[in-house]
Amino acid sequence: MPGGVYGHQNGAALGEGHPRFLARAERARVWDVDGNEYVDWMCAYGPMILGYGHPAVESAVAEQVAAGDCLPLPGPRMVELAERLVALTPRADLVVFGKNGADATSWAVDVARAHTGRPRIVRARGAYHAARPWALPHLPGVPAHHRDDLLEFAWNDLDELRACFAAHPGEIAVVMTTPFDHQTGAAPAPGFFAGLRALCDEHGALFAMEDVRAGFRFHLGGSCEHWGAAPDLICYSKAIANGHALSAALAREALRAPPSASTSPAPSSSRAAPSRPRWPPSPSASAPTPSRRSSGSGDCSCRGSPSRRGAMESPSCRPASPRRIRSGGASAAGARSSPRPGPTRTRPTTGSSRPPTPRRTWRGRSRRASGRSGRSRRRPDPSP
Ligand SMILES: Cc1ncc(COP(=O)(O)O)c(C=O)c1O
């Protein structure tokens, strides 16, 4: 276990005098393997907002684990949460779930690239968004094109962002920022997010609010509500499930499908068509269309360019799906023409000991549920 944990920070980064191995945690306290007790002021780097082992959270988790932990299709809880998130978030219509912050931010980048057909990402200088090649392109072993694809501008400096767009016309897919500068604690300057939005619209790029760390803390509708920002994509993770592995990325309806497959054009990207997309590299290797995506043939742009292999690992990059194993003497052709495999549907048993889950939607609570506006933090936040 080099470094102890995977990610951009590990126990060694805490310095001398801090424990390196923890044995257990309860409420606000953690115990190391030698039995020393500490108050975890860092809340496990952010997610433990209700404290370790909060009874309400743990009983909800236990209930779902008893009902089925790793299910291959969405269930009522997932739908309920998606509805609640959309109802809480005035700027979002769609949700996708992941397991950590990097899942959410990487999904936002993938959507922006698919939607614009462009390769480049812009972030505030030094901002941390994920332990993934697109976000940490200078790590050893990361292909060089990730370094080309990542551009930076100084937090609050709209002139530098404007220059970035001017230097890379038609190449920027997304500008991703946190709601305040996590490096220094600086709040957005008046007009910063409005200017950022205007530049994205002018150049046909998307704006992603990276709310992994700050989400639900400034405002329940997303930090964008607190700062009056208008992003296309919002990424949540830390405060969403009190330490359980869950993240979410939200988007506007216009981003449901890339423009090639969309019936309604996306306002922010339709104003300026990409003049010279650098990605995909050749005309034959265009952005994946739904039909290519579903072909499962493994025929995608990554094949044509070995130097770019591994880039844009979209579903279309997957190898051909494995053949269905024959059973009961059915021929391969018969297997193909037979109904799709899936779980056998059984009739619900009457008199079951488990009462049916009450249907509950959160839509009615949408606009009422607004968060308390907090003051901006001026101090640097030590969590990663
Ligand atoms: C601002 C920010 N974005 C993204 C991430 C990545 O989250 P995760 O480590 O859950 O992938 C972190 C993690 O600390 C973060 O602080």
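This passage describes the overall make-up of a predicted model, then one of its sheets and a few individual residues.

The protein has 384 residues, of which 30% count as buried. Its secondary structure comprises 12 helices and 10 strands. Contacts over long stretches of chain are prominent in the tally. Among contacts with a separation of 6 or more, 69% join residues 24 or more positions apart.

One open sheet is built from three strands. Their order is β1-β2-β3, and the pairing is antiparallel. Strands β1 (22–26) and β3 (37–39) form the edges. Each of these two pairs on one side only. From one strand to the next, the twist averages 25 degrees.

The pairing of β1 with β2 can be followed residue by residue. Strand β2 covers residues 29–32. Four bridges link β1 and β2 in the antiparallel sense. Within this pairing, Ala-25 stands opposite Val-30 of β2.

Leu-22 belongs to strand β1. Its C-alpha atom is separated by 4.0 Å from that of Asp-32, although the two residues are 10 apart along the chain. Leaving aside residues up to four places away in sequence, Leu-22 touches Val-30, Trp-31 and Asp-32. Is Leu-22 buried, exposed or partly exposed? There are 15 other C-beta atoms within 10 Å of Leu-22, so the residue is partly exposed. A buried residue would need 20 or more such atoms, and an exposed one would have 12 or fewer.

The loop between β1 and β2 holds Arg-27. The backbone of Arg-27 has a phi near 50 degrees, a positive value in a residue other than glycine. Arg-27 is partly exposed because 13 other C-beta atoms lie within 10 Å.

A positive phi also occurs at Phe-216, at about 75 degrees, and Phe-216 is not a glycine. Where does Phe-216 lie? Its place is in the loop between β8 (206–211) and α8 (223–227). Phe-216 has 17 C-beta neighbours inside 10 Å and therefore counts as partly exposed.

In brief, the three strands β1, β2 and β3 form an open antiparallel sheet. Leu-22 lies in β1 of that sheet, and Arg-27 sits in the loop between β1 and β2. Phe-216 is placed in the loop between β8 and α8.

Terms used: Residues are numbered from 1 along each chain as its sequence is written. This is a predicted model: local features need pLDDT of at least 70, side-chain atom pairs count only at pLDDT 80 or more; totals for chains, interfaces and linings use all residues. Two strands pair if DSSP finds at least two bridges between them. Axes are lines fitted to C-alpha atoms, for helices over the stretch in contact, and angles run from 0 to 180 degrees between N-to-C directions. Two residues are in contact if their C-beta atoms, placed from the backbone, lie within 7 Å.
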